[in-house]
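This briefing sets out the main features of the structure shown below. It is arranged by topic for reference at the bench.

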Amino acid sequence: MAGPVRQPPFDYPKEEKKMDHNCAYCAEGELVEAFGIKICELPESKVYLFKEQSHRGRVIVAHKKHVSEIVELSAGERAAYMEDIAHVAEALHQAFAPQKINYGAYGDTGHHLHFHLVPKYADEFEWGGVFAMNPQQKFLTQEEYAALIADISKYL
């Protein structure tokens, strides 16, 4: 016999969130261009190439709604967002053949739900460990960024 459905000890509003003009993912433009280049939009998310490319193909998948926590989404929105993330992960596997993709969702300072998808390659930078948020080690030319975006876009 199933018990009652447990309610979390918090009450996140489920209503539509308004855009936050101080948020890089909402405002886009210069705020997001400081660290990312927009690749595309998917049904529930926006996909950005992370400019720091110590991990070839690293991207960010940000939800389209300005929410901080995954529990602020409806069950349907969560499922659709996870489908977007899986779709992007599959594109990264097809484009770059990493041995593993690490997934990170933090947002301590940037309160907009987003996941970092970080391809990891055996015997390369940070293999076997946790990825650094922004190691500031490898930046590319505009042509190299365009080539990575084209490689990923072929599979999106």
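Helices and strands are DSSP runs, numbered from the N terminus, with at least four residues for a helix and at least two for a strand. On that basis, proline 135 is found in the loop between E5 and H4. The model is a predicted one. The protein contains four helices and five strands, and from the N terminus the order of its elements is α-α-β-β-β-α-β-β-α. Of its 156 residues, 41% count as buried.

**Strand pairing**

- Strand E2 (residues 45-50) pairs with E3 in the antiparallel sense, over five bridges.
- Strand E3 (residues 59-63) is in turn joined to E5 by four bridges, and these two strands run antiparallel.
- Strand E4 (residues 100-104) also pairs with E5, in the antiparallel sense and over five bridges.
- Valine 59 takes part in two of these pairings: leucine 49 stands opposite valine 59 in E3, and valine 59 stands opposite leucine 117 in E5.
- Leucine 117 is likewise the bridge partner of tyrosine 103.

**Burial of strands E3 and E5**

- Five of the five residues of E3 are buried, so this strand is largely enclosed by the rest of the structure.
- On one side of E3 the buried residues are Val59, Val61 and His63, and on the other they are Ile60 and Ala62, so that both faces are covered.
- Strand E5 is also largely enclosed by the rest of the structure, because seven of its seven residues are buried.
- Both faces of E5 are covered, with His114, His116, Val118 and Lys120 buried on one side and Phe115, Leu117 and Pro119 buried on the other.

**Largest pocket**

- The largest pocket holds about 260 Å³ of space.
- Its lining consists of 14 residues, and those nearest the centre of the pocket are Tyr25, Thr109, His114, His116 and Met133.
- Helix H1 (24-27) and strand E5 (114-120) each supply at least two residues of this lining.
- By class, seven of the lining residues are nonpolar, six are polar and one is charged.

**Helix H3**

- The 22 residues of H3 should span 32 Å at 1.5 Å a residue, and the end C-alpha atoms are 31 Å apart, which agrees.
- The buried residues of H3 are Glu77, Tyr81, Asp84, Ile85, Val88, Ala89, Ala91, Leu92 and Phe96.
- These buried residues lie on the same side of H3, because they cover an arc of only 160° around the axis.
- Ala75 and Glu83 are exposed on the other side of H3.

**Helix H4**

- Helix H4 (residues 142-153) has twelve residues, which should span 16 Å at 1.5 Å a residue; its end C-alpha atoms are 16 Å apart, in agreement with that value.
- Tyr145, Leu148, Ile149 and Ile152 are the buried residues of H4.
- Their arc around the axis is only 100°, which means that they are on the same side of H4.

**Loop residues and backbone angles**

- Most residues other than glycine have a negative phi.
- Alanine 97 is not a glycine, yet has a positive phi of about 50°.
- Alanine 97 lies in the loop between helix H3 (75-96) and E4.
- Exposed means over 50% relative accessible area, and alanine 97 therefore counts as exposed at 51% relative accessibility.
- Aspartate 123 is a residue other than glycine that also has a positive phi, near 65°.
- The position of aspartate 123 is in the loop between E5 and H4, and at 75% relative accessibility this residue counts as exposed.
- Proline 135, in the loop between E5 and H4, is buried, with a relative accessible area of 18%.
- The cut-off for a buried residue is under 20% relative accessible area, so the 18% of proline 135 places this residue in the buried class.
- Proline 135 and serine 54 are 81 residues apart in sequence, while their C-alpha atoms are 7.5 Å apart in space.

Technical notes:
Residues numbered from 1 in each chain as written. Predicted model: local features only at pLDDT ≥ 70, side-chain atom pairs only at ≥ 80, totals over all residues. Heavy atoms only, no water. 1 Å grid on protein atoms, 1.4 Å probe; cavity = no way out; pocket = protein on both sides within 12 Å on 5 of 7 lines; lining within 4 Å. Points joined across faces, edges and corners; volume = space filled by probe spheres on them. Nonpolar A, V, L, I, M, F, W, Y, C, P; charged D, E, K, R; others polar. Buried < 20%, exposed > 50% of the residue type's maximum accessible area, 1.4 Å probe, protein only. Pairing = 2+ DSSP bridges. Expected span 1.5 Å × (residues − 1). Arc of directions from axis to C-beta.
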